[in-house]
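Student: I am new to this structure and would like to go through a few of its features. Could we begin with one of the cysteines?

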Amino acid sequence: MGAAGKALWYIESHYEQDLALADIAQVVGVSPFHLSRLFQASTGSPIVRYLRGRRLSEAARKLAGGASDILDVALAAGYSSHGAFTRAFGEQFGRTPDDVRERGLDGLRLVEAVKLDDPSTACAREPRVADADTLLIAGIGARHRGPSVASIPSQWQRLLGECQGAGPIAYGVCCNSDEDGNFDYIAGFSVPSFSNIRAGWQTVRIPARRYLVGWHEGHISSIRSTWYWLLNDYLPNSGFALADAPEFERYDERFNDTTGNGGVEIWLPLV
């Protein structure tokens, strides 16, 4: 069982306990940051949001089944008070616990247990370790959450439309992630300084550090499978640890932005 599968099993077996991201990461054997990246890459959902959704969904089932004491249900779901539980329940489902207890689950969007079936595609070449100097990246940035990652190609379209012929190497940088799975993605180019940056562009400074570099050989649309393999299969067994730092895709002259073929490097920061 890979790291993501272990995390899902542990959540499903222990979600009624006082469970935190660090607890799950310790059991799985990776850092909290690594687990956050891995879980979202493999399930499409942030781990904290998934844990909250599973707890509240099972609480909703208890309420619809006739649970007499909402506070008992709240405590079992990890909430210390009736009020905190009611607020979280309303944010998750748009209904109150009392309403679900009276009217049942009809129309409620429950968070069901995830069974992983995403393909994990190994790199065609053995990943290598490389040191990189400080990078200054400027380009089209956006904050993403969940399904909005599908709009990342539009950032590249805008970048190439505004800056044709800027250089043979481009970068897709993931940075500023949080526990809810939000992160910034900047499609851009390396620049010598942040002076005279185009209006509306965003910037990120990536300090010099050591990286694990994987090669995605297939079409760009399947790159998630390579990310998944690196995070779920390769890194946990490699002796390396993922650092809480920007990670990026590096597109060089081999990549064809018209066909999506040619290959892409994935650079993962190491501790």
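Tutor: Certainly. C123 has a relative accessibility of 11% and therefore counts as buried. Please keep in mind that this is a predicted model.

Student: Why is C123 not bonded to the closest cysteine sulfur?

Tutor: The closest cysteine sulfur belongs to C174 and lies 16 Å from that of C123, which is too far for a bond. A disulfide requires the two sulfur atoms to be within 2.5 Å.

Student: And what is the nearest cysteine sulfur to C174?

Tutor: That of C175, at 7.6 Å, and C174 is in no disulfide. C174 is buried, with a relative accessible area of 12%.

Student: How many disulfides are there in the whole structure?

Tutor: A search finds zero.

Student: Which residues does L230 contact, leaving aside its neighbours within four places in sequence?

Tutor: C123 is one of them, and the others are P127, L212, G214, L235, P236, I266 and L268. L230 itself lies in helix α9, residues 223-234.

Student: Is L230 buried or exposed?

Tutor: L230 counts as buried, because its relative accessibility is 1%.

Student: New topic: at what angle do α1 and α2 pack?

Tutor: Helix α1 (residues 3-14) and helix α2 (residues 21-28) pack at about 130°, and their axes are 9 Å apart. That angle makes α1 oblique to α2. Their crossing is right-handed.

Student: Which residues meet there?

Tutor: From α1, A3, K6, A7, Y10 and I11 meet I24, V27 and V28 of α2. By class, this contact has seven nonpolar residues, one charged and no polar.

Methods
Residues are numbered from 1 along each chain as its sequence is written. This is a predicted model: local features need pLDDT of at least 70, side-chain atom pairs count only at pLDDT 80 or more; totals for chains, interfaces and linings use all residues. Side-chain values use heavy atoms; hydrogens and water are left out. Helices (H or I, at least four residues) and strands (E, at least two) are DSSP runs, numbered from the N terminus. Buried means under 20% relative accessible area, exposed over 50%, partly exposed in between (1.4 Å probe, protein chains only). Contact means heavy atoms within 4.5 Å. Axes are lines fitted to C-alpha atoms, for helices over the stretch in contact, and angles run from 0 to 180 degrees between N-to-C directions. Angles under 35 degrees count as roughly parallel, over 145 as roughly antiparallel, 65 to 115 as roughly perpendicular and the rest as oblique. A crossing is left-handed if the near helix is turned anticlockwise from the far one by less than a right angle, and right-handed if clockwise. Ala, Val, Leu, Ile, Met, Phe, Trp, Tyr, Cys and Pro count as nonpolar, Asp, Glu, Lys and Arg as charged, and the others, Gly among them, as polar.
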